[in-house]
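Q: Please take a close look at one part of this structure, the packing of helices, and explain each term for a beginner. Please add a short account of enclosed space at the end.

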Amino acid sequence: MSESLDVNVALGPRSYHISVVSHQFDRFAETLETWMSQSPAYHNAIQEGHKTAFIVTDRNLSKLHTPHIEKSLTAQGWKWETAIIEPGEKSKSLPVISELYDRLVAMKADRQTVLIAVGGGVTGDAGGFVAATYVRGLPFVQVPTSLLAHVDSSVGGKVGVNHSQAKNLIGAFYQPVGVFIDTSTLETLPERDYRSGLAEVVKYGVILDAKFFQYLEENVTGLNERDPEVLRNIIARSCELKAEVVEQDEHERTGLRAILNYGHTFAHAFEALCGYGELMHGEAVAIGMIYASTLAEKLDLISKHDTERQIHLLSALGLPVQLPEGVSLSADDIIDRMKLDKKTVGGKLRFVLPTCLGRVEVFKEIQEALVREVLAELEHSAKATDDFQI
């Protein structure tokens with residue numbers, strides 16, 4: 001049983017490693033120094049003993065996981081300061097970023113000061129944006145603490161903040177020096193947050209790796225019990241699969257990254273129309289995948305059996321596969337919301353759809369009538385079973 005898995009993200013001079021471990025926070029600083037020493041840009045800093053770090057974390061984690069990072073840095077002779085931001089999307093704002101800049105100025109940070117983001121996607125996005133822009137670039141390390149951040153937001157180099165008119169409107173592609181993932185952070189993760197992250201894991205199996213999908217089916221018990229070995233395996237494989245896509249489309253120029261949005265066209269509409277917070281993102285994605293798979297059936301792309309396998313796996317992992325009881329959304333509202341999706345071009349609906357388990361394609365100009373048929377069919381099915389609970 002391997003207690004440490006390493007994933008390489010091959011991006012030429014911007015390549016980096018993702019270390020997936022369990023209960024090894026005491027080795028964080030040692031791992032960081034290895035990464036820094038291997039980087040031509042930061043090798044000399046470590047050799048000359050320039051070891052200064054700026055930790056960005058949220059208030060919920062400041063006394064939970066962050067102290068382990070601080071202790072490890074201290075043991076290796078690092079000087080560090082910690083900035084605490086509030087949890088939630090409001091921290092992905094320019095006023096908060098400005099406060100973090102002020103802290104860096106006060107500590108006389110320079111281009112060798114390592115910014116370490118400890119937290120979920122919000123902390124990673126905000127901390128990464130600061131790293132990308134302060135003195136035109138600080139070495140940046142991600143320590144994601146949620147399953148969703150482990151397998152999604154910490155991989156790929158997207159950093160940014162929100163504008164009052166739209167999420168993630170201000171940002172950059174900025175790759176980290178490394179990503180340190182310790183599965184022990186999942187032991188304290190709330191149940192819904194954990195299961196929400198599992199939806200993105202299942203997504204990787206559907207879009208890129210049928211054998212991985214089968215592995216998930218065979219390890220439902222381990223996933224539900226948060227078994228460390230199973231978690232290391234599924235996190236590392238998810239990171240590998242996303243890395244393969246990022247390596248081919250780092251800056252979202254070719255359209256390949258669009259396959260990562262399987263289920264998301266439906267999901268974003270459901271999230272917005274239900275009211276943000278009613279459905280967690282992963283819950284909406286789980287439901288969206290079933291709607292997308294049913295649409296693929298209508299187009300004779302896949303069999304009903306392939307859709308049923310997704311339903312069974314998601315259900316076994318405690319994820320919803322239909323809208324919450326009592327929620328009734330009109331087809332008009334759903335389609336109108338879909339037309340606001342960034343994948344829509346000229347008002348024509350585009351969907352990422354499976355052609356078999358392990359492969360998806362982007363389909364343009366899907367007929368609206370067919371989408372309405374799927375919406376009506378699954379709404380009728382939900383009313384017939386009437387057994388959904390979040």
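A: The crossing of helices H8 and H13 is left-handed, a label used when the near helix is turned anticlockwise from the far one by less than a right angle, whereas clockwise would make a crossing right-handed. The model is a predicted one, in which local features need pLDDT of at least 70 and side-chain atom pairs count only at pLDDT 80 or more, while totals for chains, interfaces and linings use all residues. Residues are numbered from 1 along each chain as its sequence is written, and side-chain values use heavy atoms, with hydrogens and water left out.

Helices (H or I, at least four residues) and strands (E, at least two) are DSSP runs, numbered from the N terminus. H8 covers residues 210-218 and H13 covers residues 304-316; their axes come within 10 Å and cross at roughly 45°. Such axes are lines fitted to C-alpha atoms, for helices over the stretch in contact, and the angles run from 0 to 180 degrees between N-to-C directions. H8 and H13 are therefore oblique to each other; angles under 35 degrees count as roughly parallel, over 145 as roughly antiparallel, 65 to 115 as roughly perpendicular and the rest as oblique.

On the H8 side, the contact is made by Phe213, Gln214, Leu216 and Glu217, and on the H13 side by Arg309, Gln310 and Leu313. Contact here means heavy atoms within 4.5 Å. Sorted by class, this contact has 3 nonpolar, 2 polar and 2 charged residues. In this scheme Ala, Val, Leu, Ile, Met, Phe, Trp, Tyr, Cys and Pro count as nonpolar, Asp, Glu, Lys and Arg as charged, and the others, Gly among them, as polar.

A second pair is formed by H7 (residues 191-208) and H10 (residues 228-248), whose axes come within 10 Å and cross at roughly 55°. H7 and H10 are therefore oblique to each other, and H7 passes H10 in a left-handed crossing. From H7, Tyr194, Val201, Tyr204 and Leu208 meet Leu231, Ile234, Ser238, Leu241, Lys242 and Val245 of H10. The classes in this contact are 8 nonpolar, 1 polar and 1 charged.

Another pair is H1 with H3 (residues 66-75), which pack at an angle of about 65° with their axes 7 Å apart. Here Phe28, Ala29 and Leu32 in H1 meet Ile69, Ser72 and Leu73 in H3. The residues of this contact divide into 5 nonpolar, 1 polar and no charged.

Enclosed space is the remaining topic. On a 1 Å grid over the protein atoms alone, a cavity is a set of points where a 1.4 Å probe fits but cannot get out, and lining residues have an atom within 4 Å of a point. Grid points are joined across faces, edges and corners, and a volume is the space filled by probe spheres set on the points. By this rule there is 1 cavity of 30 Å³ or more, and the largest cavity holds about 30 Å³ of space. Its lining consists of Asn261, Gly263, His264, Thr265, Phe266, Ala292, Phe351 and Val352. Helix H11 (264-274) and strand E10 (351-356) are the elements that give two or more residues to this lining, and H11 gives the most, with 3 residues. By class, the lining has 4 nonpolar, 4 polar and no charged residues.

Key:
1 Å grid on protein atoms, 1.4 Å probe; cavity = no way out; pocket = protein on both sides within 12 Å on 5 of 7 lines; lining within 4 Å.
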